[in-house]
Amino acid sequence: MILLQELYNNLNKTFLRSSTLKGLVLHTADDAGALGPDYQYGWGLLNERKAAEVILNRDQSHLLSEQTIATNETYTIQVVASGRGPLIATICWTDPEAPATTATIANVDNRSPKLINDLDLRIIDGTTENLPWILDPNQPANLATKGDNIRDNVEQVLIPNPVPGRTYTRTIKHKGTLTNGTQP
């Protein structure tokens with residue numbers, strides 16, 4: 001991952017945010033189990049070549065962007081499917097610190113969501129809203145499904161077979177009020 005930072009710095013004279021680097025690595029990982037994340041293999045295996053190709057963006061088919069969203073803001077971008085593969089969007093952020101959970105027997109393996117700034121990634125194709133991967137911590141053997149991810153500071157939407165030439169709208173918004181008024 002430090003080599004990816006070095007490559008990015010050589011091109012841009014700055015380093016990636018830690019959350020951007022994490023998002024890049026998860027975005028380009030090779031699935032080790034079933035499609036999407038899972039409790040056994042996580043997001044898969046690091047593919048440093050694919051990650052470097054995203055940074056280099058030689059064929060202009062990738063967008064690696066660091067943005068900051070403010071309270072009540074929606075970040076929207078339209079993309080046209082190239083037809084050269086799936087359409088994948090990944091966001092990752094460093095969530096503000098949550099209040100500590102008291103160490104009690106009742107709180108052992110407490111699965112209630114702890115996300116402070118809940119960002120939401122969607123890709124919309126006309127009337128179809130494509131949702132991110134979600135896992136069910138109560139059923140860890142189950143495959144990832146699609147839904148409203150309220151647990152993780154990484155969200156990924158995958159459209160395996162986008163229609164070439166079709167315009168898709170990717171949106172990022174949030175629930176509630178953002179702690180500190182913004183979320184990088």
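These are my notebook entries on a predicted model, covering its cores, a strand, a pocket and two backbone angles.

**Entry 1: the cores**

I started with the nonpolar packing. The largest nonpolar core has 15 residues. I listed the members with the most contacts inside this core, and they are I91, L119, L121, I123 and Y168. Then I checked which elements feed the core: β3 (87-92), β4 (119-125), β8 (154-159) and β9 (167-174) each give at least two residues. There is also another core, apart from this one, with ten residues, including L16, L24, A51 and I55.

**Entry 2: Y168**

I picked Y168 for a closer look, as it is among the core residues with the most contacts. Leaving out residues up to four places away in sequence, I found that Y168 touches I77, Q78, V79, A81, L87, I123, I124, D125, I159, P162 and V163.

**Entry 3: strand β9**

Next I asked myself how many residues of β9 are buried. The count is six of eight, so β9 is largely enclosed by the rest of the structure. Buried here means under 20% relative accessible area.

I then looked up the partners of β9. Strand β2 (residues 75-80) pairs with β9 in the antiparallel sense, over six bridges. In that pairing I noted Q78, whose bridge partner in β9 is T169. Strand β4 also pairs with β9 in the antiparallel sense, again over six bridges. Here I noted D120, which stands opposite K173 of β9.

**Entry 4: the second largest pocket**

I moved on to the second largest pocket, which holds about 150 Å³ of space. Its lining is made of K22, L26, P37, W43, W133, I134, L135, N149, D152, N153 and V154. Two elements give two or more residues to this lining, namely α2 (18-27) and β6 (133-134). I sorted the lining by character and got seven nonpolar, two polar and two charged residues.

**Entry 5: positive phi angles**

Last, I went through the backbone angles. Most residues other than glycine have a negative phi, and I wrote down two that do not follow this.

K13 is not a glycine, yet its phi is positive, at about 60°. I placed K13 in the loop between α1 (2-12) and α2. Is K13 buried or exposed? With 67% relative accessibility, K13 counts as exposed, because the cut-off for exposed is over 50%.

Q60, also not a glycine, has a positive phi of about 55°. I found Q60 in the loop between α3 (48-56) and β1 (69-70). At 64% relative accessibility, Q60 counts as exposed.

Note on methods:
Residues numbered from 1 in each chain as written. Predicted model: local features only at pLDDT ≥ 70, side-chain atom pairs only at ≥ 80, totals over all residues. Heavy atoms only, no water. 1 Å grid on protein atoms, 1.4 Å probe; cavity = no way out; pocket = protein on both sides within 12 Å on 5 of 7 lines; lining within 4 Å. Points joined across faces, edges and corners; volume = space filled by probe spheres on them. Helix = DSSP H or I, 4+ residues; strand = E, 2+ residues; numbered from the N terminus. Nonpolar A, V, L, I, M, F, W, Y, C, P; charged D, E, K, R; others polar. Buried < 20%, exposed > 50% of the residue type's maximum accessible area, 1.4 Å probe, protein only. Core = buried A, V, L, I, M, F, W, Y, C linked by side-chain atoms within 4.5 Å. Contact = heavy atoms within 4.5 Å. Pairing = 2+ DSSP bridges.
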